[in-house]
Amino acid sequence: MECRQAIDLLPLFMDDALDEGTRRSLQEHLDACPSCRSELAALQSLAQDLRTHGMLKAPDDFLEKLHARTRESRLKELLRLLFYPLHVKIPVEVIGIASVAVVIFSLFHAVEPQVRMTAPQGVPSGADSVREQVVPEESRSELVPREAAPMTEKATVQAPPTQSETQSKSKQDVRLYNKKEEPAPAGVDRAVVSAPLQSMDVYIVMKGVNKLQAKGPAGAGVQAPAPSEAGDALRSGHAPAAEVAAEAEDRVLGRQDEESARPPVSRADVPMKAQALTVSPESPVLSSLKDVVASVRGTLVDVVYDGQSREPRILTARIPCDALDAFFQRIGGIAELRTPVPSALQPGGRECLVRIHLASEETLQK
Amino acid sequence: MHKEQTLSSQQEDERLIRAFTAGDTAAFDALVIRYKDMVYTMCYYLLGDADEAADHAQETFVKVYRSLNAFRFESSFSTWLYTIALNTCRNRLKSLSYRLRRKTVSLDDTDETGRAVMEIADESCQPNGELEKKELMKHVRQAIAGLSVDHRTVIVLCDVKGLSYEEICRITGLDMGTVKSRISRARNELRARLRGYR
């Protein structure tokens with residue numbers, strides 16, 4: 001064994017912490033090497049000095065200061081228990097993930113109602129022009145932007161798409177409109193419903209619609225309301241009877257000059273106005289469609305009326321997905337479908353929102 | 001003889017701890033008096049400053065005071081106490097405030113309590129051997145302060161306190177091989193630093 005190796009082993013040799021073979025070999029080296037023996041003696045002396053003189057004495061006021069600190073510690077512990085009853089260390093990452101999840105959840109719930117109302121619609125080609133003709137200008141005036149709507153207005157429907165709106169719809173930038181509240185027909189569920197998974201637009205032409213309309217009772221015999229009431233009813237477009245009474249009153253009193261004060265009526269509206277005079281409060285078209293919807297366990301959600309003719313223009317219904325085929329078959333029995341029946345639905349939905357657009361041959365040709 | 005002393009010491013510790021947990025606060029004072037010098041010494045050698053050592057020795061006892069009710073006698077009280085003291089000092093050594101505050105003057109001129117000696121003691125009152133020993137220990141403390149924290153730790157535990165290798169393993173959490181290696185290197189390094197004085 002060399003001295004260098006022996007010196008490395010000396011600190012453990014003096015504590016008798018070497019294995020037997022190494023210890024014997026080192027002992028042999030020490031017997032032969034006075035230099036290593038003196039090094040061992042120095043190490044042992046140093047260890048002895050440290051053992052006897054290395055211990056230090058704590059300050060005299062150690063215990064008093066410690067008492068003060070323990071009293072302070074007890075007070076702190078009490079405060080900690082009072083104000084931090086759930087002192088649990090939570091990793092920052094977990095807090096971050098939870099916060100992001102809460103924000104996303106809140107945003108989703110804030111946005112969801114608008115997404116429900118602006119669900120993408122499968123508008124067939126040429127539908128815009130059909131709608132332009134079906135919906136008169138007066139009816140459009142009832143549709144006001146949501147921002148300008150008073151608080152009492154409840155029912156919301158989507159505005160009929162114009163050319164510019166169709167372009168903006170392609171960019172998924174659809175505005176919401178409020179419609180002035182109308183009395184809901186009997187059997188129509190106006191309750192806000194949760195959004196179905198899928199929606200579709202169907203354009204139909206009722207078979208023998210002119211005959212059905214012609215069967216309605218005339219305005220004669222309906223008691224005319226006061227002139228002011230009649231005027232309000234005409235402007236709001238609520239009651240066809242009131243409108244008829246007002247027109248009759250105008251004819252009797254010869255208020256030809258007051259015609260100019262009314263909203264301008266376009267030439268295209270004239271035949272529809274004539275139809276409005278003969279329409280009944282309970283439209284047979286609506287009745288037949290309600291029957292079809294009810295027969296397939298569907299729910300009529302909303303009805304949009306034509307402002308002039310007071311005939312239903314757009315019916316919105318929730319139809320069970322498994323009853324869609326039966327629904328279209330029964331629709332085909334009372335009306336002529338002008339859009340192809342959707343062949344395949346995406347899986348997973350229980351109900352489908354179907355918007356039934358009613359049109360006449362004349363308006364479709366135009 | 002030493003083993004019997006250790007056994008009786010452990011029994012005394014156990015008696016005092018049980019008395020403290022039963023509500024006798026004077027028993028805690030007795031424990032502090034028994035171990036305050038050992039804890040203070042350890043803190044002093046590790047932190048290298050008398051005020052820091054007193055502060056963190058007290059901090060160690062405050063921690064013991066708070067958690068003594070949870071002591072389960074699975075190890076000796078002294079081992080548990082030294083482990084707390086070592087961790088307290090390690091935390092302090094890691095802290096930025098300690099590194100900014102650290103001064104190099106503390107170990108140069110200190111007496112046996114570790115406090116700075118402002119005046120030279122009256123040599124006529126003390127025998128020459130005692131003065132030489134004091135001078136030597138001053139250099140020894142200075143040399144220990146120059147060691148790394150790991151080497152300081154094992155020197156204090158092994159040579160100053162005289163703990164066994166097994167106890168050092170339990171206190172430091174190291175395995176036996178690492179402890180032996182550190183003790184060997186630390187002693188040789190300390191011996192090298194004191195070569196001119198001995």
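**A mixed sheet, a helix and an interface**

Good morning. I begin with strand 4 (residues 198–206) and strand 8 (residues 351–359) of chain A, which pair in the parallel sense through 8 bridges. Please bear in mind throughout that this is a predicted model.

Within that pairing, Ile204(A) of strand 4 has Leu358(A) in strand 8 of chain A as its bridge partner. Strand 4 of chain A is also joined to strand 7 (residues 335–337) of chain A, in the antiparallel sense, by 3 bridges. Here the bridge partner of Ile204(A) is Leu337(A) in strand 7 of chain A. Ile204(A) therefore has one bridge partner in strand 8 and one in strand 7 of chain A, as strands of a sheet pair.Let me now turn to the sheet as a whole. Which order do the strands take? In chain A, 5 strands form an open sheet in the order 5-6-8-4-7, with mixed pairing. The edges are held by strand 5 and strand 7 of chain A; each has a single partner strand, so one side of each lacks a neighbour in the sheet. On average, neighbouring strands of this sheet are turned by 30° against each other, direction ignored.

Two helices pack on this sheet. Helix 13 (residues 284–295) of chain A touches strand 4, strand 5, strand 6 and strand 8 of chain A, and its direction makes about 10° with that of strand 6 of chain A. Helix 14 (residues 324–334) of chain A touches strand 4, strand 6, strand 7 and strand 8 of chain A, and its direction makes about 120° with that of strand 7 of chain A.

The edge strand 5 deserves a word of its own. Strand 5 (residues 299–305) of chain A has 5 of its 7 residues buried, so the rest of the structure largely encloses this strand. Strand 5 runs antiparallel to strand 6 (residues 312–320) of chain A, and 6 bridges join the two. In this pairing Val304(A) stands opposite Ile314(A) of strand 6 of chain A. The hairpin they form has 6 residues between the strands, and in this hairpin Arg310(A) takes a positive phi near 60°.

My next subject is helix 3 of chain A. This helix spans residues 34–53, which makes 20 residues, and reaches 28 Å from its first C-alpha to its last, close to the 28 Å expected at 1.5 Å a residue. Which of its residues are buried? They are Cys36(A), Leu40(A), Leu43(A), Leu46(A), Ala47(A) and Leu50(A). These residues lie on the same side of helix 3 of chain A because they cover an arc of only 125° around the axis. On the other side of this helix, Pro34(A), Ser38(A), Ser45(A), Gln48(A) and Thr52(A) are exposed.

I close with the two chains and their contact. Chain A comes to 15 helices and 8 strands, whereas chain B comes to 9 helices and 0 strands. Of the 366 residues of chain A, 25% count as buried; for the 198 residues of chain B the figure is 35%. Among contacts between residues at least 6 apart in sequence, 75% in chain A join residues at least 24 apart, and in chain B 66% do.

How many residues of each chain take part in the contact? On chain B, 34 residues are in contact with 26 residues of chain A. The elements giving two or more residues to this side of chain B are helix 2 (25–47), helix 3 (50–67), helix 6 (128–145), helix 7 (149–160) and helix 9 (176–193) of chain B. By character, the residues on the side of chain B that touches chain A divide into 16 nonpolar, 7 polar and 11 charged.

Thank you for your attention.

Notes: Residues are numbered from 1 along each chain as its sequence is written. Chains are lettered from A and ligands numbered from 1 in the order in which they are written. This is a predicted model: local features need pLDDT of at least 70, side-chain atom pairs count only at pLDDT 80 or more; totals for chains, interfaces and linings use all residues. Helices (H or I, at least four residues) and strands (E, at least two) are DSSP runs, numbered from the N terminus. The expected span of a helix is 1.5 Å times one less than its number of residues. A residue is buried if 20 or more other C-beta atoms lie within 10 Å of its own, exposed if 12 or fewer, and partly exposed in between; C-beta atoms are placed from the backbone. The arc is that of the directions from the helix axis to the C-beta atoms. Two residues are in contact if their C-beta atoms, placed from the backbone, lie within 7 Å. Ala, Val, Leu, Ile, Met, Phe, Trp, Tyr, Cys and Pro count as nonpolar, Asp, Glu, Lys and Arg as charged, and the others, Gly among them, as polar. Two strands pair if DSSP finds at least two bridges between them. Axes are lines fitted to C-alpha atoms, for helices over the stretch in contact, and angles run from 0 to 180 degrees between N-to-C directions.
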